[in-house]
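Biologist: Please take a close look at one part of this model with me, and then set it within the rest of the chain.

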Amino acid sequence: MSGDFTPLYAGIAQDLRSQILGGAMALGSKIPSENELMVRYHTTRGTARAAVDLLVDEGLVRRERGRGTFVVLRPVRHRVLNFGGFTDSVRSLHEVALSRVVESVVEASADGPQLKLVRLRGVARNGTEEVASLDTSYLSLRRFPGLDAVDFEGRSLYQTLRENYGVYPRRTLVSLRTHRPSDRERTLLQEPADGTDLLLADGHGFDQFDQPFERMLVLYPSRTEFTFSTPIDVGGATGIGKHA
């Protein structure tokens, strides 16, 4: 857990979440009861319940009346470049990441001013530029003052968060759904005007203390191919996302 930096209920949830996503708690298995969590973490029922509530809200577990709380998400480990930090992932493959800022504006939100950063992401490969995705990030300027002054054409967002703000991205939680792109989005992604709906990843990034720091929307072109592989049993899973 994250010690003094994280509320206890969030730390408990982080421990359980790590076990679920790491495969230690398999699909269909029962997680510790509130009483067991109270004893294990020396805490109150309210704190134990709040921890489980977080996992329920994330869709990792489901409460069944009279039976307990069970894991409902089979962990799928995938390699989708954007989720772990696009620039970092591309560099790890010894390729050149391309990033063009489409929009960078300060907007009002319920939590104060936020930076809306829209970037067209791609990879330089074999003398050509391959468009990979259209990424939109929302970040609090209360938490990250001055972030709106950074030129992200030539700098990684996650590198900036690490070096300037001491925030280390650790995981993401996203859902996938179809999206009817606007004319502008189709043009940026080099999609035909009468093309099909596209795949959109909608979620949040979490830091080293398992606190959300970024709202993210990642729109993929139709030529993107995702291949996921999961075992028949309740063990771990692996997958690959690649751009055709």
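Modeller: Strand 1 (residues 61–64) and strand 2 (residues 68–71) run antiparallel and are joined by four bridges; strands here are DSSP runs of E with at least two residues, numbered from the N terminus, and two strands pair if DSSP finds at least two bridges between them. This is a predicted model, in which local features need pLDDT of at least 70 and side-chain atom pairs count only at pLDDT 80 or more, while totals for chains, interfaces and linings use all residues. Residues are numbered from 1 along each chain as its sequence is written, and side-chain values use heavy atoms, leaving out hydrogens and water.

Within this pairing, Glu-64 has Gly-68 of strand 2 as its bridge partner. Three residues lie between the strands of the hairpin, where Gly-66 takes a positive phi near 80 degrees.

Turning to the rest of the chain, the largest nonpolar core (buried Ala, Val, Leu, Ile, Met, Phe, Trp, Tyr and Cys residues joined through side-chain atoms within 4.5 Å) has 15 residues, of which Ile-20, Leu-37 and Leu-55 touch the most other members. At least two residues of this core come from each of helix 1 (8–21), helix 2 (34–41) and helix 3 (45–57), helices being DSSP runs of H or I with at least four residues. Another core, of 13 residues, lies apart from it and includes Leu-157, Leu-161, Val-167 and Met-216. Altogether the chain has six helices and 10 strands, and 41% of its 244 residues count as buried, meaning under 20% relative accessible area with a 1.4 Å probe and protein chains only, whereas exposed means over 50% and partly exposed lies in between.
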